[in-house]
Structures are given as C-alpha cells and as structure tokens.
Amino acid sequence: MQILPLSESNLKEACSVYNASVDECDNLSLDWFRFHTLDDPDFCPETTLLAVEDGRAASFAHGVRREHANGVSGFIKSFATLPEYRSRRYAKALFQVIESHLAGCGVSAVKMGCPAPRYITPGIDPRLYTPAVDFLMGRGFKYTRMAYNMDAELAGRNFCTKDAEDALKSKGIIIYRMEPEEKDLLAEFITAEGWGKNWLLEATYAMQSNPPGLFVAKKDGKIAGFAACGALRPGFFGPMGTAASMRGLGVGKILLKKCLSHMQTMGRDTCHISAVGPLRFYHKSVGAKVSRIFWEMEKPLI
Ligand SMILES: CC(C)(COP(=O)(O)OP(=O)(O)OC[C@H]1O[C@@H](n2cnc3c(N)ncnc32)[C@H](O)[C@@H]1OP(=O)(O)O)[C@@H](O)C(=O)NCCC(=O)NCCS
C-alpha cells in the first residue's frame, strides 16, 4: 500500500472513491469535491490522503486543523473506503497518519464532523454509516452530541413576502439580495454579532452563484440580518442570523423565504437546512422537518 497526498492529479480518483463509498445523498460533483477538499482554506496535504493498492485508489480520508469559536481542533471531514477494499486496514492506516500529524501540530483532540466554512455533513450519520461509526469507536472516538439537518419542501409553494416586507419598511427595515460591494458591511455585521470569520467565509461563498444566494436586511445603512444559500453546495441553506436587537420582528422569516424562493427559481424541489440550531424557527416559519441526524464524535490526541 502507498499513501499519497491528495492533489489535482489524483483528485478525480479520490472523488470516485468517495462517491462509490458513500450513500447517494452525500455524493459530490468533482467541482464540489474540490471545493470541500483541495480548496478548503485549511487544506493540508499531510492530512488529506489516499491509500493506493496496485495502482488503484482504495481509501480516502480528509482531516483539517481548524480554528473555530472555541479554539483549535483537528477534524475528520470525510473518509471512505471502496466496498471491495473494506476490513483491510486502509482507513486505519490513513487515520494513523492524520492523527499523528495533528498531534504533532499540538492539536489536543480530533473530531468527526466539521464546522464552517466548508463541511459536507456536520458529523457522521449513524444510520447510513453504522460500520464507520463502529470503526471510529474502535479507534477511541466517543459520541459527543447530535447535529441535524432539516428539509423544507419547495415544489409548488408560494414564498411571497411582500406584505411582511411592507410592514417592515414602515419600521425602516429593507430586505434585498446583497450587492457584492456590501461585503465589508456584512463582515462588520457578522463580527459585531460575534459569529466569527468562518460564518463570514461561508456566507460569502453564497455570493459566487449567479444570481448570488445571499440576502440581507438593512436598517439605518447598516446590515441587521443575513441569510445564505448554495454556500456548501446547491440545495443547501445556511448560515443565517438576525441582529440580536432585531429578533422577533419577522426579519429572519423573510430572509429565509427569500432564499427558498431563490432556490425554487434555480429549479430545486427541496431545501436542505444544514446543521440546524433553532429547530422551532425553521419549523414554524416554513414547515421544515428534521431529515437527517448526525453524531459528532471526538477522540483526545494528547
Ligand atoms: C434564528 C434567527 C435567525 C431568527 O431570526 P428572527 O429575525 O428573530 O426571526 P423571526 O422574527 O422572523 O421569527 C419568525 C418566527 O419564528 C419564531 N422564532 C424565531 N426564533 C426562534 C427561536 N430561536 N426559537 C423558536 N421560535 C423562534 C418567532 O417567534 C416567529 O414566530 P411567529 O411567526 O409565530 O411570530 C435568530 O434568532 C438568530 O439570528 N439566531 C442566532 C443565529 C442562528 O442561530 N442562526 C441559525 C443557524 S442554523
């Protein structure tokens, strides 16, 4: 077995290993696979690896060292072994290299799952990937908490917000698709609300689609709320936030519906709301339902 770092030259093969090993609902196009691996701002060739046997890629694992709101941790973003190569210790070999590199960088714990700005799933789905959970437990990972996604149906629904927007206009609040030159205003807002640089990065990825999937609320020339969609891949919603001082006025509901309407226009039938915080808000505002659950898992390294 050879262990190779992921690079542009073996990216396609790694993407094939990933797609052939995971459930269809987690499949990625080559461009989105690149987005989540090589183009991750924390990409590290020592922790993004392919196990190759007789010239054929058999297993893939992607780790990063990521700064986040509570400090720095190592994360396994994804790992996958082709079905015909399972139980032959390829994933084990990749994890040994990744964990030892992270420990050498002073990272005290490695987590399964990943925070913003780029993650495929916010943990491991224990129902779809029970053998992978078993593998992680065998390596000393322990369940820490649950994360979940919610789905909102889009087909045939009306997300018109005109009346609600008119009511907010009388309070001096306007809601619209963000202009690219307002990026600094958005940065100011996200920083002031304490959401950190990873949410800002994630929100700005939503600016890259055409038209951009990023909507904002503005009051007195300042941004007071935002909602992003398409940032993590098409059909996915988040992040979003309303200024603490402006909550409960209906701003979040309008921003959310603007994104759902945008996704509808882009031809999507379902919106996946990723790594949900306020379940009741999404359920109440657009009838979203929990669609997937994930386990976050963690293993101490030092
Ligand atoms: C979640 C959030 C965006 C809601 O924004 P908001 O502008 O206050 O939402 P709205 O005023 O439009 O609320 C719409 C409805 O949801 C309800 N609601 C809002 N937040 C809620 C919450 N956290 N829990 C339960 N219900 C909530 C409102 O009461 C309102 O109900 P109504 O239609 O019966 O009046 C805001 O609380 C926030 O920014 N939270 C911190 C960031 C966050 O958690 N983002 C989501 C990441 S997945």
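**Polar contacts and aromatic pairs, by the cut-offs**

Tutor: Let's start at the ligand: one of its oxygen atoms lies 2.7 Å from a backbone N or O atom of Lys253. Before we go on, this is a predicted model, where local features need pLDDT of at least 70, side-chain atom pairs count only at pLDDT 80 or more, and totals for chains, interfaces and linings use all residues. Residues are numbered from 1 along each chain as its sequence is written, and side-chain values use heavy atoms, with hydrogens and water left out.

Student: What makes that Lys253 pair a polar contact?

Tutor: The term means a pair of N or O atoms within 3.5 Å (within protein, one must be able to donate a hydrogen and the other to accept it, and residues adjacent in sequence count only if both atoms are side-chain atoms). Lys253 has its N or O atom at 2.7 Å from the ligand oxygen, so the pair qualifies.

Student: How do you know that Arg247 makes one too?

Tutor: A polar side-chain atom of Arg247 is 3.4 Å from an oxygen atom of the ligand, so that pair makes the cut. A polar backbone atom of Met240 is 2.9 Å from a ligand nitrogen.

Student: Which element supplies the largest share of the shell around the ligand?

Tutor: That's α9, with five residues; helices here are DSSP runs (H or I, at least four residues) and strands are E runs of at least two, numbered from the N terminus.

Student: Now the rings. Why is the Tyr85 and Tyr90 pair called edge-to-face?

Tutor: Rings of Phe, Tyr and Trp (its six-membered ring) pair if their centres lie within 6.5 Å; planes under 30 degrees apart are stacked, over 60 edge-to-face, the rest tilted. The structure holds 17 such pairs. Tyr85 and Tyr90 have centres 5.8 Å apart and planes at 75°, so the pair is edge-to-face.

Student: What about Phe95 and Phe141: which kind of pair do they form?

Tutor: Edge-to-face again, at 6.2 Å centre to centre and 80° between the planes. Phe95 is in helix α3 and Phe141 in the loop between α4 and β6, so their pair ties together parts 46 residues apart in sequence. Both are buried, meaning under 20% relative accessible area (exposed is over 50%, partly exposed in between; 1.4 Å probe, protein chains only).

Student: How do you know that Arg118 sits over the ring of Phe35?

Tutor: The rule wants NZ of Lys or CZ of Arg within 6 Å of the ring centre and within 35 degrees of the ring normal. Arg118 lies over the face of Phe35 at 3.8 Å from the ring centre, and over the face of Tyr205 at 4.2 Å.
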